[in-house]
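Hi,

Here is the structure I promised to pass on to you. Have a look through it first, and then read my notes underneath.

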Amino acid sequence: MSWEMKKVAKVDLKNPMLIEGLPGVGNVGKIAVDFLIEKLNAKPLYEMLSYELPHCVFVNEENMIELPMIDVYYANIKGRTVLFLAGDIEPTSEKSCYEFCHAILDKVGSTKGLEIVTLGGIALPAVPKNPKVYCTGNSKKIMQKFAATTDTQIHGVVGPIIGVSGVLPGLAGKRSIPSVALLAETFGHPQYLGITGAKEILKVLQKE
């Protein structure tokens with residue numbers, strides 16, 4: 001088994017936007033997406049299963065064990081379906097990352113009007129007081145939608161965008177699916193939570 005997507009709800013996707021926020025630099029994307037899922041009371045749509053997930057369990061707040069999970073949630077907002085790709089971990093290898101992104105695109109990539117937004121952080125050597133949000137993507141047209149609220153002059157600011165936040169919009173471009181990556185400045189310490197950066201990303205998303 002590579003990546004299996006188990007559908008747990010029947011939903012008619014209308015002009016959907018997929019927002020990805022898996023763990024990464026400062027956990028900026030994960031913090032933002034987890035907040036939106038809770039605030040919008042988003043419901044599960046797909047559960048993703050794979051032997052590429054780490055061989056471990058987490059202990060939750062009720063002192064019970066849980067397997068690591070990656071799920072897709074949905075919420076209907078102003079006549080549009082917003083999908084949230086959220087979870088405990090990233091795929092564990094380069095190959096599984098590509099397979100994971102293809103699995104996502106195979107399921108939702110043919111939906112009319114789909115746009116994809118991935119979220120992540122840019123590591124800085126110190127905590128930024130006023131984190132900037134940068135935007136890059138596979139289409140200048142969709143990047144223009146974020147030009148008023150982000151900095152699109154990102155060349156030289158960030159190196160390779162590693163993981164799902166980079167590979168998903170990259171592969172989406174091969175399928176002519178407009179996609180952007182929103183990257184907020186954050187402190188590059190592995191134990192630092194980029195809450196301030198996540199808040200700046202949420203401000204950008206709220207204007208869309």
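Below is what I found, going from the sheet to the cores and then to the empty spaces. One thing to keep in mind is that this is a predicted model.

**The sheet**

Start with the open sheet of eight strands, which has mixed pairing. Going across, the order is S1-S3-S6-S7-S2-S8-S10-S9. At the edges stand S1 (4-7) and S9 (133-137), and each has a single partner strand, so one side of each is left without a neighbour in the sheet. From one strand to the next, the twist averages 25 degrees.

At the S9 end, S9 pairs with S10 (residues 179-187) in the antiparallel sense, over five bridges. If you want a landmark there, Cys-135 stands opposite Leu-182 in S10.

Two helices are worth finding against these strands. H2 packs on the sheet and touches S1, S2 (17-21), S3, S6, S7 and S8 (115-124). The direction of H2 makes about 135 degrees with that of S3. Then there is H5 (residues 195-206), which lies across S2, S8, S9 and S10 and runs at about 150 degrees to S10.

**Strand S7**

How many of the residues of S7 are buried? Eight of the eight are, so S7 is largely enclosed by the rest of the structure. Arg-80, Val-82, Phe-84 and Ala-86 point one way from the strand, while Thr-81, Leu-83, Leu-85 and Gly-87 point the other way.

Its pairings go like this:

- With S2, S7 pairs in the parallel sense over five bridges; Met-17 has Val-82 in S7 as its bridge partner.
- With S6, S7 pairs in the antiparallel sense over eight bridges; here Val-72 has Leu-85 in S7 as its bridge partner.

S6 and S7 also form a hairpin, with two residues between them. Lys-78 sits in that turn and has a positive phi of about 50 degrees.

**The nonpolar cores**

As a bit of background, nonpolar side chains tend to be buried together in soluble globular proteins. In this model the largest nonpolar core has 30 residues. Met-48, Ile-70, Leu-85, Phe-100, Ile-104 and Leu-168 have the most contacts inside it. Strands S3 (43-49), S6 (70-77) and S7 (80-87) each supply at least two residues of this core, and so do helices H2 (94-108) and H4 (164-174). Which of them gives the most? That is H2, with seven residues.

Ile-70 is a good residue to click on. Leaving out residues up to four places away in sequence, Ile-70 touches Trp-3, Leu-22, Glu-47, Met-48, Leu-53, Leu-85, Ala-86, Gly-87, Ile-89 and Phe-100. Apart from the largest core lies another one, of 28 residues, including Ala-32, Leu-36, Ala-86 and Ile-142.

**Helix H4**

H4 is mostly covered, with eight of its 11 residues buried. The buried ones are Val-164, Ser-165, Gly-166, Val-167, Leu-168, Pro-169, Leu-171 and Ala-172. Among the elements that cover them are S2, S7, H2, S8 and S10. After H4 comes Ser-176, where phi is positive, near 60 degrees.

**Pocket and cavity**

Where is there empty space? Rolling a probe the size of a water molecule over the atoms shows where it is left.

The largest pocket holds about 450 Å³ of space. It is lined by 14 residues, and the closest to its centre are Ile-77, Val-82, Leu-205, Gln-206 and Glu-208. S2, H1 (28-39), S7 and H5 each supply at least two residues of the lining. S7 provides the largest share, three residues.

As for cavities, the structure holds one of 30 Å³ or more. About 30 Å³ of space lies in the largest cavity. Its lining is made up of Val-127, Pro-128, Pro-131, Glu-185, Thr-186, Phe-187, Tyr-192, Thr-196 and Gly-197. S10 and H5 each supply at least two of these residues, and S10 gives the most, with three.

If you are wondering where to begin, I'd try S7: its residues are buried, it supplies at least two residues of the largest core, and it has the largest share of the lining of the largest pocket.

Cheers

Terms used. Residues numbered from 1 in each chain as written. Predicted model: local features only at pLDDT ≥ 70, side-chain atom pairs only at ≥ 80, totals over all residues. Heavy atoms only, no water. Core = buried A, V, L, I, M, F, W, Y, C linked by side-chain atoms within 4.5 Å. Buried < 20%, exposed > 50% of the residue type's maximum accessible area, 1.4 Å probe, protein only. Helix = DSSP H or I, 4+ residues; strand = E, 2+ residues; numbered from the N terminus. Contact = heavy atoms within 4.5 Å. Pairing = 2+ DSSP bridges. Axes fitted to C-alpha atoms, helices over the stretch in contact; angles between N-to-C directions. 1 Å grid on protein atoms, 1.4 Å probe; cavity = no way out; pocket = protein on both sides within 12 Å on 5 of 7 lines; lining within 4 Å. Points joined across faces, edges and corners; volume = space filled by probe spheres on them.
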